[in-house]
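User: Please take a close look at the surface of this chain. I am new to it, so start with the overall exposure and then go to the patches.

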Amino acid sequence: MITELVMNRIRQLLLAIVGVLKRAMCCFSRRRKLSASECEVLNTVSVDQRYPNAGRNAGHGKNVPEKDWNSWDDSPKTVEEHIERYRETLAQPPSPTEPQPEVDYFQDMTPQISSQPKICIATETEASDFSRLVAKIDIPVVNELEDWNEGDRNGWDDADETTTKQLIRETRKELRAQRHQNRHQLETSYA
């Protein structure tokens, strides 16, 4: 047990030493990358003269074999032909595109104004001097006010609290009896 404890301590000490050495070696092994301000700015571009067809006249030199006129295939076969085709498409002026007509988004929102059809219903029996503002009185008019007798009642009935409590109890008893009867009927129907 003591030996295990000593071995663990030695192992931890060795791992700590190796970790410190690793960090020290890491700092010296790699140099820090240069920042953008320390980079050299590109000022000029030069063309290598070892490849004479690499300039603007690529494909137009004497070394390029001519195409066979009898061949139906117009697709380029070599890289130089691909490059030449690409440069030809770049050299052609862009074809004028037809301006697209402006889309009127509000065209279907304009209201359609049309006069409403007028329907006139006229009968010959109507009087020609009819006015819709004239009132017709069909109710008989009585010039006297009549007495309204309700008997001896003056509004709300004066009910005792005892009678109202008794009425509430009776209604509750009736509801309980009804529920009990419904339960009894369900039990008998299941049995």
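Analyst: The chain exposes about 22,100 Å². Carbon and sulfur atoms supply 56% of that area. These values come from a predicted model. Of the 191 residues, 2% count as buried.

The fold is quickly told. The chain has 3 helices and 0 strands. From the N terminus on, the order is α-α-α.

Now the nonpolar patch. Six names belong here: Met-1, Ile-2, Val-6, Met-7, Ile-10 and Leu-14 form this patch on the surface. Together they have about 700 Å² of accessible area. Take Ile-10 as one of its members. Ile-10 lies in helix α1, which spans residues 2-29. Its relative accessible area is 44%. Ile-10 is therefore partly exposed, because that class runs between the 20% limit for buried and the 50% limit for exposed. A patch member needs over 30%, so Ile-10, at 44%, clears that cut-off too.

Next comes the charged patch. Lys-165, Arg-169, Arg-172, Lys-173, Arg-176, Arg-179 and Arg-183 form a positive patch on the surface. Arg-176 is one of them. Arg-176 sits in helix α3, residues 161-190. Its relative accessibility is 51%. Exposed means over 50%, so Arg-176 counts as exposed.

To put the two side by side: the nonpolar patch includes Ile-10, a residue of helix α1 that is partly exposed. The positive patch includes Arg-176, a residue of helix α3 that is exposed.

Key:
Residues are numbered from 1 along each chain as its sequence is written. This is a predicted model: local features need pLDDT of at least 70, side-chain atom pairs count only at pLDDT 80 or more; totals for chains, interfaces and linings use all residues. Side-chain values use heavy atoms; hydrogens and water are left out. Patches are made of residues with over 30% relative accessible area and no salt bridge: like charges are joined within 9 Å, nonpolar side chains (Val, Leu, Ile, Met, Phe, Trp, Tyr) within 5 Å. Accessible areas come from the Shrake-Rupley method with a 1.4 Å probe; for residues, only the protein chains shown count as cover. A salt bridge is a side-chain nitrogen of Lys or Arg within 4 Å of a carboxyl oxygen of Asp or Glu. Helices (H or I, at least four residues) and strands (E, at least two) are DSSP runs, numbered from the N terminus. Buried means under 20% relative accessible area, exposed over 50%, partly exposed in between (1.4 Å probe, protein chains only). Lys and Arg count as positive and Asp and Glu as negative; His and the chain ends are not counted. The place of a charge is taken as NZ of Lys, CZ of Arg, CG of Asp or CD of Glu.
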